[in-house]
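Trainee: I should like a close look at a single buried residue and its surroundings. Please take one strand position as the starting point and work outward from there.

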Amino acid sequence: LQQFFNDKKTEKKYEVLNAGMDWYTSKHSLINYTAYCRKFDADVVVVMHAINDLYRSFSPPDFSVGKYESDYSHFYGPSIYGAKPQSFSQMIYKSFRKIWFGKNVKSRDFEMNEFVSKNDFENYLAQLVELIEQDGAKPIVVSQGHLYQQEMSKEAQNALWMSLTFCEKNNTFPNNGSLANAMDAYNLTTKNVAEKYQIQFVDADKMLSKDLDHFIDDVHYTTKGSAKLARIIGEEILK
């Protein structure tokens with residue numbers, strides 16, 4: 001994104017700071033902005049969330065403890081072994097079982113009410129927008145591109161892994177159509193927040209091709225996809 005602006009050779013000098021982090025939800029970004037990012041006194045803050053909040057709706061046994069909590073405290077993610085330490089024998093057995101038997105879960109249609117984090121996602125995103133505006137910066141919210149579709153090629157389906165890993169519920173996980181609908185709903189939530197606060201909304205999801213030229217998996221981009229996303233956001237900012 002910074003290179004996009006520098007290539008424009010305008011009189012202004014643009015500096016882009018990346019505050020995105022693996023595993024972060026809108027709640028984490030709210031905390032991160034409050035505790036860290038405000039000191040940079042940004043003119044514009046670009047916010048893009050969806051998938052990490054979406055899968056917090058679930059409590060997969062490999063990453064969570066207990067049922068869904070609206071503050072996402074049930075979901076430990078990569079810190080799970082701090083909450084549920086494994087013995088060496090458990091680690092060996094778990095690895096052996098995965099290699100030998102695979103994961104005994106099946107995909108199915110999920111109703112939207114099973115994605116229970118959507119309202120909390122909206123709340124955290126709205127709080128973040130309010131805080132950015134209070135600081136005198138311009139918030140821009142972006143829909144998150146994704147590879148999910150109702151009908152997908154075998155190659156694209158083989159690239160998916162996040163739903164099976166993070167969205168497990170009673171030995172089932174959402175099929176591709178359910179994930180496509182859910183991502184659309186979370187992106188619509190982002191748009192609704194933009195309309196509520198009368199701020200700029202960039203519908204990047206609608207402008208990114210859902211193919212393996214632009215995505216390496218469910219939501220992560222190839223170099224080509226990243227460059228296109230930067231251009232989309234950059235052009236909208238210049239408007």
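Trainee: Is Val-141 buried or exposed, and what is its relative accessible area?

Mentor: The model is predicted, so local features require pLDDT of at least 70 and side-chain atom pairs count only at pLDDT 80 or more, while totals for chains, interfaces and linings use all residues. Residues are numbered from 1 along each chain as its sequence is written, and side-chain values use heavy atoms, with hydrogens and water left out.

Val-141 is buried, because its relative accessible area is 0%; buried means under 20% relative accessible area, exposed over 50%, and partly exposed in between, with a 1.4 Å probe and protein chains only. Val-141 belongs to strand β3, residues 138-142. Helices (H or I, at least four residues) and strands (E, at least two) are DSSP runs numbered from the N terminus. Setting aside neighbours within four places in sequence, Val-141 is in contact with Val-47, Leu-125, Val-129, Thr-190, Ala-194, Ile-199, Gln-200, Phe-201 and Val-202, where contact means heavy atoms within 4.5 Å. One of these partners, Val-129, lies 12 residues away along the chain, and its C-alpha atom is 8.6 Å from that of Val-141.

Two of the partners deserve attention in turn. Val-47 is in strand β1, residues 44-48, and is buried, with a relative accessible area of 6%. Besides Val-141, Val-47 touches Leu-125, Leu-128, Ile-132, Ile-140 and Val-142, again leaving aside residues within four places in sequence. Not every part of the chain is brought close to Val-47: the C-alpha atom of Ser-153, 106 residues apart from Val-47 along the chain, is separated from that of Val-47 by 30 Å.

Gln-200 is the other. This glutamine sits in strand β5 and counts as buried, since its relative accessible area is 18%. Beyond four places in sequence, Gln-200 touches Lys-138, Pro-139, Ile-140, Val-141, Ala-194, Glu-236 and Ile-237. The C-alpha atoms of Gln-200 and Ile-237 are 8.7 Å apart, with the two positions 37 residues apart in sequence numbering. Next in the discussion comes Gln-198, in the loop between α9 and β5 (200-202). Gln-198 is exposed, with a relative accessible area of 75%, and has a positive phi of about 55° although it is not a glycine. Most residues other than glycine have a negative phi. Another case is Tyr-72, with a positive phi of about 65°; Tyr-72 lies in the loop between α3 (51-55) and α4 (80-83) and is buried, at a relative accessible area of 3%.

Several contacts of Val-141, including Leu-125, Val-129 and Thr-190, lead to a helix pair. Two packed helices are described by the angle between their axes and the distance between the axes. The axes of α6 (residues 118-134) and α9 (residues 176-197) come within 10 Å and cross at roughly 35°; axes are lines fitted to C-alpha atoms, for helices over the stretch in contact, and angles run from 0 to 180 degrees between N-to-C directions. The crossing is right-handed, a term used when the near helix is turned clockwise from the far one by less than a right angle, left-handed being the anticlockwise case. On the α6 side the contact includes Leu-125, Ala-126 and Val-129, and on the α9 side Thr-189, Thr-190 and Val-193 are among the residues involved. The residues of this contact divide into 8 nonpolar, 2 polar and 4 charged. Here Ala, Val, Leu, Ile, Met, Phe, Trp, Tyr, Cys and Pro count as nonpolar, Asp, Glu, Lys and Arg as charged, and the others, Gly among them, as polar.

For wider context, the largest nonpolar core has 54 residues, and those with the most contacts inside it are Leu-54 and Tyr-148. Such a core is a set of buried Ala, Val, Leu, Ile, Met, Phe, Trp, Tyr and Cys residues joined through side-chain atoms within 4.5 Å. Tyr-148 touches, among others, Ile-51, Leu-160, Met-162, Ser-163 and Leu-179. Ser-163, in helix α8 (residues 162-166), is likewise buried, at 5% relative accessibility.
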